[in-house]
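Me: Can you walk me through this model? I'd like short answers, please.

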Amino acid sequence: MSTITTPAVHEHKLFIGGAWEPSSTGETFEREKDFSILEQIEAELADVDRALHRLDDGSYGRCDACRQPIDDNRLEAMPAARFCYMHQAQAESRANGYGG
């Protein structure tokens, strides 16, 4: 005699309105994706806000690390850039754990 088994269904829960509620894996993924997008947008808005402050104080277009002018092509591509190419590469290297 053979036994048929069904795959286990894993129930995930989300904290909604002060209570944990069941959620499907797809809903959890979508919610996490939405939070990730929101965090990215908030970070971009903060970058723009910092750039506006630099415009006000006269430091816009200068590298935060070396105070040298940031290349116009870089500013055109990334108006909120805080670092010149060299210091941006070093910041990314440190953020990725490669020293710098």
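Reply: Sure. One term to begin with: helices are DSSP runs of H or I with at least four residues, numbered from the N terminus. By that rule, Leu 75 sits in helix H2. Keep in mind that this is a predicted model.

Me: Okay. How many helices and strands are in the chain?
Reply: Three helices and two strands. Along the sequence, the pattern runs β-β-α-α-α.

Me: What share of the chain is buried?
Reply: Buried residues are 16% of the 100 in the chain.

Me: And what share of the contacts is between residues 24 or more positions apart?
Reply: Counting contacts in the chain with a separation of 6 or more, such pairs account for 14%.

Me: Back to Leu 75. Buried or exposed?
Reply: Buried, because its relative accessible area is 13% and the cut-off is under 20%.

Me: What does Leu 75 touch, apart from its neighbours within four places in sequence?
Reply: Tyr 60, Gly 61, Ile 70 and Ala 81. As for Arg 62, it lies 13 residues from Leu 75 along the chain, and their C-alpha atoms are 10.0 Å apart.

Me: Which residues make up the largest nonpolar core?
Reply: There are six: Cys 63, Ile 70, Leu 75, Ala 81, Phe 83 and Cys 84. In soluble globular proteins, nonpolar side chains tend to be buried together.

Me: Cys 63 is in there. What is Cys 63 in contact with, leaving out the neighbours within four places?
Reply: Gln 68, Ile 70, Arg 82, Phe 83, Cys 84 and His 87.

Me: Now the cysteines. How many disulfides does the search find?
Reply: Zero, across the whole structure.

Me: Why no bond for Cys 66?
Reply: Its closest cysteine sulfur is in Cys 63, at 3.7 Å, which is too far for a bond. A disulfide needs the two sulfurs within 2.5 Å.

Me: How far is Cys 84 from the nearest cysteine sulfur?
Reply: 3.8 Å, and that sulfur also belongs to Cys 63. Cys 84 is in no disulfide either.

Me: Which of those two is buried, Cys 66 or Cys 84?
Reply: Cys 84 is buried, at 12% relative accessible area. Cys 66 counts as partly exposed, at 26%.

Me: Switching topic. What is unusual to look at in Arg 67's backbone, say its phi?
Reply: Phi of Arg 67 is near 65 degrees, a positive value in a residue other than glycine.

Me: Where does Arg 67 lie?
Reply: In the loop between helix H1 (25–57) and helix H2 (72–77). Arg 67 is partly exposed, with 39% relative accessible area.

Me: Next, pockets. What volume does the largest one have?
Reply: About 190 Å³. Its lining has 13 residues, and the closest to the centre are Asp 47, Met 78, Ala 80, Ala 81 and Arg 82.

Me: Which helix gives the most to that lining?
Reply: H1, with four residues. H1 and helix H3 (85–95) each supply at least two.

Me: What classes are in the lining of the largest pocket?
Reply: Seven nonpolar, one polar and five charged residues.

Me: Last one. Where is Ala 91?
Reply: In helix H3. Ala 91 is partly exposed, at 21% relative accessible area. Its C-alpha is 9.9 Å from that of Ala 65, 26 residues away along the chain.

Terms used:
Residues are numbered from 1 along each chain as its sequence is written. This is a predicted model: local features need pLDDT of at least 70, side-chain atom pairs count only at pLDDT 80 or more; totals for chains, interfaces and linings use all residues. Side-chain values use heavy atoms; hydrogens and water are left out. Buried means under 20% relative accessible area, exposed over 50%, partly exposed in between (1.4 Å probe, protein chains only). On a 1 Å grid over the protein atoms alone, a cavity is a set of points where a 1.4 Å probe fits but cannot get out, and a pocket is an open set with protein on both sides within 12 Å along at least five of seven lines; lining residues have an atom within 4 Å of a point. Grid points are joined across faces, edges and corners, and a volume is the space filled by probe spheres set on the points. Ala, Val, Leu, Ile, Met, Phe, Trp, Tyr, Cys and Pro count as nonpolar, Asp, Glu, Lys and Arg as charged, and the others, Gly among them, as polar. A nonpolar core is a set of buried Ala, Val, Leu, Ile, Met, Phe, Trp, Tyr and Cys residues joined through side-chain atoms within 4.5 Å. Contact means heavy atoms within 4.5 Å.
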